[in-house]
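Visitor: I have the sequence and the fold on my screen. Could you walk me through the structure?

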Amino acid sequence: MERPAYSPRPRGYVGSRPPTYDAEPTALPLADPDDLDDLVADTVLDGARYGACTLRAVSVRGDSARYRGEPRRDSLLTARFGTGEQALLLVAMATGARATPGAHRAAAEACHWIGRAVGRSHARLVEDIRAGRRGDLKSGLHRLTDRSLGKLRASAAEQGVDPEEYAAGLRCLLLPADPECRTRVFFGAGPGGLFRLRDGEWQDIEPQVAEIRGEPVVGFGSPPSETPEGDRLTMDLGIPTPPSPYEPAPEPPREPFRFRTSVARPGDTLLVCSGGLAEPLRGEPELGDYLAERWSRPEPPGLAAFLTDAQVRVKGYADDRTAAAVWEV
């Protein structure tokens, strides 16, 4: 399919009716004069060009938060580690738990922790990406993600806050600066979206979490039927065992780890986003059609144009939006 030769005029919203809230910010979040570092800007915008790709990234406070004067729960981090063709670009985005006062702090902390972890390991990560060591990448990034989100749980304990309240979903993208390496690596945990625009059509390539269904089979989770000495093991009658007072309380269930590597083609656009954009993209086809037309031009949009496109509104979707798009040449 040929790419469209034109791009539609920018639009404020798509769908049959305009959204309920105003299109522009209304109320500022409440500020503490003794803790001004806690303030979060309404909008963050960034971009870069390295190797074979052009990056655009944005995080925008949602219509609902703008109306209520609440801080943006999404956080965005863009960073380069290393120099020349050995450099590695990281885009990290996090979304704090809904309706919790420290959600924006938890999201920022998650981005900073994963940024430190990736930065300290960037040389090894670049080597693994170039060599196509998918298994090493997956296991290593899984550990870094678990450690980063584990630090959030530790921080919650220090503050005396429920770990479920001081939590965040985390989604990351690694881009090697080497123009000869077109491998793109996505990883994280929590809701959101991973899409690829190819030949003018969106592909939803969000990695699905494998589920084990049915009863365990021998060698895959089930205990042996007898000990090495030949003693039969007691049958499990399914009666729950009361928790031991000497064991720590079980942790709340964690979001499953998601990981995907993909090889980019010239002309592709890869989009990683938080739930605030992923949900309307999946729920309102007109938004996908509009962005496909806007982002299928030969040249990537400038920062201002990308911001305009990324905040096209849809009635019924008023959450923060964070997105990073990569155009391949």
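**Confidence first**

Guide: Happy to, starting with where to be careful: this is a predicted model, and pLDDT stays under 50 over residues 211-241. For that stretch the model has 12 contacts beyond four places in sequence.

Visitor: How many such contacts does the model have for residues 244-250?

Guide: Residues 244-250 also have pLDDT under 50. Over the protein chain, the mean pLDDT is 87, and 84% of the residues reach 70 or more. For residues 244-250, the number of contacts beyond four places in sequence is 0.

**The sheet and its helices**

Visitor: Which strands stand at the edges of the open sheet?

Guide: The sheet has 5 strands in the order β4-β5-β6-β7-β12, with antiparallel pairing. An edge strand here has a single partner, so one side of it is left without a neighbour in the sheet. That describes β4 (74-81) and β12 (257-263).

Visitor: And by how many degrees are neighbouring strands of this sheet turned against each other on average?

Guide: Direction is ignored for this value, and it is an average over neighbouring strands of the sheet. The answer is 10°.

Visitor: Which residue in β6 stands opposite L88?

Guide: Strand β5 covers residues 88-96 and strand β6 covers residues 168-176. The two run antiparallel and are joined by 9 bridges. Opposite L88, in β6, stands P176.

Visitor: Helix α4 packs on the sheet too; which strands does it touch?

Guide: Let me place helix α2 (residues 103-120) before that: it lies across β4, β5, β6 and β7 (183-189), at about 155° to β5. Helix α4 (residues 134-159) packs on the sheet with its direction at about 140° to that of β12. The strands that α4 touches are β6, β7 and β12.

Visitor: How far apart are the axes of α3 and α4?

Guide: In α3 (residues 122-131), which packs against α4 at an angle of about 150°, the residues R124, L125, D128 and I129 meet D136, L137 and L141 of α4. These contact residues divide into 4 nonpolar, no polar and 3 charged. The axes of the two helices are 9 Å apart.

**Cysteines and two single residues**

Visitor: How many disulfides does a search of the whole structure find?

Guide: Take C111, whose closest cysteine sulfur is that of C172, at 7.1 Å. A disulfide needs the sulfur atoms within 2.5 Å, so this pair is too far apart for a bond. Both residues are buried, C111 with a relative accessible area of 1% and C172 at 0%. The search of the whole structure finds 0.

Visitor: Is T78 buried, partly exposed or exposed?

Guide: T78 is found in strand β4 and touches D46, A57, L90 and V91, not counting residues up to four places away in sequence. The C-alpha atoms of T78 and V91 are separated by 4.6 Å, although the two are 13 residues apart along the chain. Buried means under 20% relative accessible area and exposed means over 50%; at 25%, T78 therefore counts as partly exposed.

Visitor: Then what about D63: buried or exposed?

Guide: D63 lies in helix α1 (residues 63-68). Leaving out residues up to four places away in sequence, D63 touches P19, Y21, D22, R313 and A318. Its relative accessibility is 8%, so D63 counts as buried.

Technical notes. Residues numbered from 1 in each chain as written. Predicted model: local features only at pLDDT ≥ 70, side-chain atom pairs only at ≥ 80, totals over all residues. Heavy atoms only, no water. Pairing = 2+ DSSP bridges. Helix = DSSP H or I, 4+ residues; strand = E, 2+ residues; numbered from the N terminus. Axes fitted to C-alpha atoms, helices over the stretch in contact; angles between N-to-C directions. Contact = heavy atoms within 4.5 Å. Buried < 20%, exposed > 50% of the residue type's maximum accessible area, 1.4 Å probe, protein only. Nonpolar A, V, L, I, M, F, W, Y, C, P; charged D, E, K, R; others polar. pLDDT = per-residue confidence, 0-100.
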